[in-house]
Amino acid sequence: MTTTGDETQRRGAFTSRKVFILAAIGSAVGLGNIWRFPYVAYENGGGAFLIPYLIALLTAGLPFLLLDYAIGHRHRGSAPLSFARLHRRTEMLGWWQVGICFLIAIYYAAVIAWALRYTIFSVDQSWGEDPEGFLFGDFLQAGDPGVSTEVVLGVLVPLLLVWVAVLVIMSLGVEKGVGRLSLYLIPVLVIAFGALVLRAVTLDGAALGLDALFSPHWASLTEPSVWAAAFGQIFFSLSIGFGIMITYASYVDRRSDMTGSGLVVGFANSGFELLAGIGVFAALGFMAQAQGVAVDEVATQGLGLAFVVFPALISEAPAGALIGVLFFGSLVIAGLTSLVSVIEVVISAVRDKFELSRLTASLAVGGPAAIISLVLFSTTSGVYVLDIVDHFINQYGILLVAVVSMLVVAWALRALPGLAAHLNRFGSLRLDRTWFALIGLLAPLALAYVLVDAFVTDLQ
Ligand code: PHE
């Protein structure tokens, strides 16, 4: 596929391979690394989970990441355009991903806004004795009629701030917006989170938590659902199948070593995930000891972990305010660099399709997303919508398009050899038959199994 220098200039580009790698890490390292991985590992065999997890990374995660890279880097377009250039009938796969990204942005922004507010709450532990009552009562009921404007402002102002920041970043473009954001914020995230983990592992009782997380339950290796959890976590965590990596790869210089970059991104993401496991469970160990209960009683994930258990822990721990600022600050940064990546998928697609300027497209996409997000999350029902939408998108929406795209590319289009040849030209890794087999057979089978497993669990 030929594209001109003009087109590169029109679409935007990452200034260097380093910036691309940081942006891709920024997308991959998100809320899921911090609040999802630790609990998934704990629930699915503890230390033994690392085996299926590593296998999932090597046999499906990395190969599929490289497929995304190959499609975007070779065809130099947003997800729909790259798919259309692969074959005109596959364009809709890209639009499916665009739709999912738009939905994710709406609630991801809300969670970041809450984390932003909680960073400030941490300073004086505004949640008092009852963080759960505070979250659902005082904090999230902001939009209920009759509640003071002060409370409305508490939720809506941070959300508005997040959207304004996002709109500014998106309008600045790939190089000055997304690129610079990642270049500056990823190092800050690593330092802040590293400091948090250091603090956590030196708390009393930390060993209790680490023991709970890492004690291997070997028997769980024979349970299919444990393997499904490993593959599911890897896919979600690497942000693959969302069109994100296709989009980002389309902004990378043609001569770049994409396979080498993929390895860096994949291992950096998993490294961060492990670090998060250590930090979160060390903190949970402290909490369990302080309350005189088993770690199991305090271990949880998602909103409950971040906005109920952590606040309680912050109130209890020595120098809790510092822990709070580091923890919620990390959530904000990790979330923001993922949020811009999903929005970029939509903006890039709209620009390619309708030939809009960067600014027009940013407003056309970000404006409605911001308005929906603000309206939805000014009422308490936002939280419930979030739960349901999140579940369906992650369990079904993404896995379905991932399986279909792999099978179509491998079997219907027989496009893998061409894509491999493209990556092999400047890549440090040689993709050959093993890659074809993983993409055409093993990864789709594993994912189809994850889908079935999720479905069966939902039915129960
Ligand atoms: N990879 C992100 C995480 O682990 C999640 C994410 C997926 C974010 C898709 C955006 C889009 O948290």
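This text describes the surroundings of the ligand, one helix packing and two loop residues in a predicted model.

The ligand is surrounded by Ala28, Gly30, Leu31, Gly32, Asn33, Ile104, Phe236, Ser237, Ser239, Phe242, Ser338 and Val342. Three helices each contribute at least two residues to this shell: H3 (31-35), H11 (224-237) and H16 (320-354). Of these, H3 provides the largest share, namely three residues. In chemical class the shell comprises six nonpolar and six polar residues, and no charged residues.

A second feature is the packing of two helices. Such a pair is described by the angle between the two axes and the distance between them. For helix H5 (residues 50-75) and helix H19 (residues 416-426), the angle is about 80° and the axes are 9 Å apart. Because angles of 65 to 115 degrees count as roughly perpendicular, H5 and H19 are roughly perpendicular to each other. On the H5 side the contact involves Leu66, Leu67, Ala70, Ile71 and Arg74, which meet Leu419, His422 and Leu423 of H19. By class, six nonpolar residues, one polar residue and one charged residue make up this contact.

The backbone also merits attention at two loop positions. Most residues other than glycine have a negative phi. Arginine 76, although not a glycine, has a positive phi of about 50°; this residue lies in the loop between H5 and helix H6 (79-86). Arginine 76 has 22 other C-beta atoms within 10 Å and is therefore buried. Glutamine 125, likewise not a glycine, has a positive phi of about 50° and lies in the loop between helix H7 (91-124) and helix H8 (131-139). Glutamine 125 counts as partly exposed, because it has 18 C-beta neighbours inside 10 Å.

Technical notes:
Residues numbered from 1 in each chain as written. Predicted model: local features only at pLDDT ≥ 70, side-chain atom pairs only at ≥ 80, totals over all residues. Near = placed C-beta within 6 Å. Helix = DSSP H or I, 4+ residues; strand = E, 2+ residues; numbered from the N terminus. Nonpolar A, V, L, I, M, F, W, Y, C, P; charged D, E, K, R; others polar. Axes fitted to C-alpha atoms, helices over the stretch in contact; angles between N-to-C directions. Parallel < 35°, antiparallel > 145°, perpendicular 65-115°, else oblique. Contact = placed C-beta atoms within 7 Å. Buried ≥ 20, exposed ≤ 12 C-beta atoms within 10 Å, placed from the backbone.
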